[in-house]
Amino acid sequence: MALDSTLPLGQPSATELSIGHNVTSRQEVDAVMGQARLAGAILNPQWLADDEA
């Protein structure tokens with residue numbers, strides 16, 4: 001996951017976690033990413049479609 005997130009590798013921590021959210025369409029992805037933005041998330045530009053970057 002560190003490679004996908006572009007975060008540097010670090011020492012393992014007991015507080016590390018990963019959360020997933022399964023969706024079935026591009027529209028659902030866009031809706032979830034919109035909710036994340038509204039909640040204050042900072043999205044990695046590599047994760048965005050060409051028309052969103």
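A residue counts as buried when under 20% of its relative accessible area is left open. By that yardstick, 11% of the 53 residues in this predicted model are buried. The accessible surface of the protein adds up to about 4,900 Å², and carbon and sulfur atoms account for 58% of that area. As for secondary structure, the protein has two helices and zero strands.

Helix 2 is a good place to look at the details. This helix covers residues 26-38, which makes 13 residues in total. From its first C-alpha to its last, helix 2 reaches 18 Å, close to the 18 Å expected at 1.5 Å a residue. After helix 2 comes G40, and the phi of this glycine is positive, near 105°.

The salt-bridge tally for the protein is short: the count comes to one. The partners are R26 and D30, whose side chains meet at 3.1 Å, N to O. That distance fits the criterion, because a salt bridge here calls for a side-chain nitrogen of Lys or Arg within 4 Å of a carboxyl oxygen of Asp or Glu. Both R26 and D30 sit in helix 2, and the two are four residues apart, or about one turn of the helix.

How open are these two partners to the outside? R26 has a relative accessibility of 43%, so R26 counts as partly exposed. D30 comes in at 33% and therefore also falls in the partly exposed class. Partly exposed is the class between the two cut-offs, under 20% for buried and over 50% for exposed.

Another residue worth a look in helix 2 is M33. With 28% relative accessibility, M33 counts as partly exposed too. M33 can also be paired with L43 for a distance check: the two residues are ten apart in sequence, and their C-alpha atoms lie 8.3 Å apart in space.

Notes
Residues are numbered from 1 along each chain as its sequence is written. This is a predicted model: local features need pLDDT of at least 70, side-chain atom pairs count only at pLDDT 80 or more; totals for chains, interfaces and linings use all residues. Side-chain values use heavy atoms; hydrogens and water are left out. Buried means under 20% relative accessible area, exposed over 50%, partly exposed in between (1.4 Å probe, protein chains only). Accessible areas come from the Shrake-Rupley method with a 1.4 Å probe; for residues, only the protein chains shown count as cover. The expected span of a helix is 1.5 Å times one less than its number of residues.
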